[in-house]
Each structure stands twice: as C-alpha cells, then as structure tokens.
Amino acid sequence: MEALYKHQIDFISYLQRLLQEGDFSSTYKFAFLHALADICIEKDVPSNGSLPISFDEIVDKLILLYWQHAKPFFPETEQQLQGGILLQNSGKQAKIIADIIAIQSNGARNLSQAKSSHYWPQIYRNTMRTLKEGPLWRLQILSKQEECYLFPHIKSRSYIELNAGIADCFRMFHDLVVQFSRQGWIEKISKIQENQQVIGLAGELSDFLFGTSRTSLKPASELFKEIQAGNCFYCKKPLKGNAEVDHFIPFTKYNNDLGHNFVLAHKACNNNKRDYLAAPEHRENWQEQNLVLNERLITTELTNYFTCDVARAAHVANWAYDIAEKNGSKYWLAIRDVFV
C-alpha cells in the first residue's frame, strides 16, 4: 500500500513539473494530456498495469477536444478575429481548428459525422502529422531534457504504451489531470494578444471551451421516450411533457455525449440528481435498458448525432463507480435528496 501511495505522489509531482518545466508554445500539449486521461477511463487496463494507446485513438480524441474550440466565441466580433474563433497559438491559427471549421461548415455535427465526410482523410492526416511533430514526443521534455515517466519514446511503433501503473493513476486522478490541462489551456488562450479583444465580452471562457454539452439532445429525447414508454427513468412515473435528457454518468465527470449514457427523466428528478452518481439499483436498470436490451436500437438511431460505443459507455461507468466506491461517496436514489 505504501508503494502505491508513493507511485501516486510521484505521478502528481511529475504532472506539476510537466506544467511548470514543459514548453507549452501552443495548446496541443494540454490537449494531448487531456486526451490521455480520457482514454484511460474509456478502456480496461491490462493486468500488467501498462496500457497501449494507438495513434488513431489519440487523433480521434484530439479532434473531439478541439471540436467546440472551432466555433465562434463571440460572433459579433467577426471583423475583428477570424469569424470570432479564438486562436490556439500566437500568429497563425492552429491547423486542427481550420480543418474542423471546414468539416463543420459542411454539416458535420459530431465526430461520427465528421468521419463520414470527404474531408476526414485530410483532417486525419494533418492531425496525425501535428501529433507526431508536436506533443507526442515533446510533452515529456522537462527543462530541455527527456523524462519519459508516462511512456517510453519508441518512434517505430504506431502506438504508445503507458508505463506500468500510469493508466491507473490517470484513472484515479482523472479530475485533477483534466483540471490541470484545462487551466493551462485556458491561460494559454487568454494570454494571446489577438484573443484579448473578445475574451471577457461574453460569458466565461472555461464554460465556452469545456462547459455543458452544446449538442441538441432532441433526438435522444424522442428515442428514450419511446424506450422508456413515456416514463421517467428514475421514479418510473409518467413524464407528461416535463422531460429532460440526463447524462447517466454526469457530464461534469465525463464531458462527452455518449448515446448509451442518456436516459430521460422528469426535470425535477434530473435537477435533484445534479452531478451525483445514481444509486446502484439505477445503474443496474441503466445497464439493462441501454447496454443490453436497446444497445443496437440506440446505436442505429443516435449514431448520426452522438458517439455510440457501448463498450466505452460501460468502461466509463465502471471507472466512475469504482472511484466513488474507493472514495466512500454517497449515491443519489430519489428526489428530495435521498442518498444511499
């Protein structure tokens, strides 16, 4: 146990050094670190404690993380700042942003639709090139020297392999890694002179870049009303038009829209559940409804709107409940703040 604690402390210490001693000339390294944390909760960790992650997985995650950043922060500033799009580095806009804008301009609303676009091969190649030329082999350069604590630099492979225990640390400290990454990302964007003319004129920058899902949930609402026979997922009473789509694993814990993570609930039930994990009995019902009985239907009906990956949804749920159990967290059971 003492060795485990030391490993976790070493991990946090390395992250602090990474952000203090690393050279973050653009936002790509923050995005890469964020991507590693997310991927680690979306997969099973092998028994040997190491975790291989393909370059393809990283590219997908980078494009997903930058997806919202390619939209106007403050549309009224179109004449001032390239259509209101915030710069990711000083000078020329990041290539990944330009590529995502091109795909979004041609109707792609999410990563699934982007992959069906004829623009996809181009953005994939460009992002892969950026990954290899930038954050992949530069993230672990501290004070001008390579310190490969997270994964070894073996450039002949098409994947990286996280060192033993690193994936578990990413899972344990996912919230902290994401917070570190986002804070650094926001500070980088905020310090770019060209961005400063619009930042502060509308909303909070962090809310825009990483806040609540901006994707329309109407397709999910219609589908889950049918699946749940018009009843609230949590209290089982008729919805009667007073319904909201809820992220079963809260969006604040995992801020991606997964089709199999949705349920339909009363507005009162959804608001009372807030950002808590639902009680184990709700988890069992969710698994039966979304991962077993309606797994194929959800994939068929929602794949054009959201990422639909039943294995990923299961892994994320396993991670969230595992961390909650280790932390002794309470689970939300019912309205009026009933916890177990």
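**Note on the predicted model: cores, helix 1, a strand pair and W137**

1. The largest nonpolar core in this model, which is a predicted one, has 64 residues, and those with the most contacts inside it are F11, I58, I160, L162 and F170. The element that gives the most to this core is helix 2, spanning residues 28–41, with ten residues. A second core, separate from the one just described, has 38 residues and includes F248, V263, A278 and A324. As background, nonpolar side chains in soluble globular proteins tend to be buried together.

2. Helix 1 runs over residues 2–21, and its 20 residues reach 28 Å from the first C-alpha to the last, which is close to the 28 Å expected at 1.5 Å a residue. The buried residues in helix 1 are Q8, F11, I12, Y14, L15 and L18. Because these residues cover an arc of only 155° around the axis, they lie on the same side of helix 1. The face turned away from that buried side carries exposed residues, namely E2, A3, K6, I9 and Q20.

3. As for what lies over the buried residues of helix 1, the covering elements include helix 2, strand 2 (141–142), helix 8 (166–172) and helix 9 (174–191). F11, one of the residues with the most contacts inside the largest core, is in contact with Y149, L150, I166, C169, F170, F173 and V177 once its neighbours within four places in sequence are left aside.

4. Strand 4, residues 159–162, has two faces that can be told apart: I160 and L162 are on the covered one, whereas Y159 and E161 are on the uncovered one. Both I160 and L162 are also listed among the residues with the most contacts inside the largest nonpolar core. Strand 4 pairs with strand 1 (residues 51–54) in the antiparallel sense, over four bridges, and within strand 4 it is I160 that stands opposite I53.

5. W137 has its place in helix 7, which spans residues 135–138. Its relative accessibility is 11%, and W137 therefore counts as buried, the cut-off for that term being under 20%. Not counting residues up to four places away in sequence, W137 touches F55, K132, F151, P152, H153, I154 and K155. By way of a longer distance, the C-alpha atoms of W137 and L223 are separated by 44 Å, with the two residues 86 apart along the chain.

Conventions:
Residues are numbered from 1 along each chain as its sequence is written. This is a predicted model: local features need pLDDT of at least 70, side-chain atom pairs count only at pLDDT 80 or more; totals for chains, interfaces and linings use all residues. Side-chain values use heavy atoms; hydrogens and water are left out. Buried means under 20% relative accessible area, exposed over 50%, partly exposed in between (1.4 Å probe, protein chains only). Two strands pair if DSSP finds at least two bridges between them. A nonpolar core is a set of buried Ala, Val, Leu, Ile, Met, Phe, Trp, Tyr and Cys residues joined through side-chain atoms within 4.5 Å. Contact means heavy atoms within 4.5 Å. The expected span of a helix is 1.5 Å times one less than its number of residues. The arc is that of the directions from the helix axis to the C-beta atoms.
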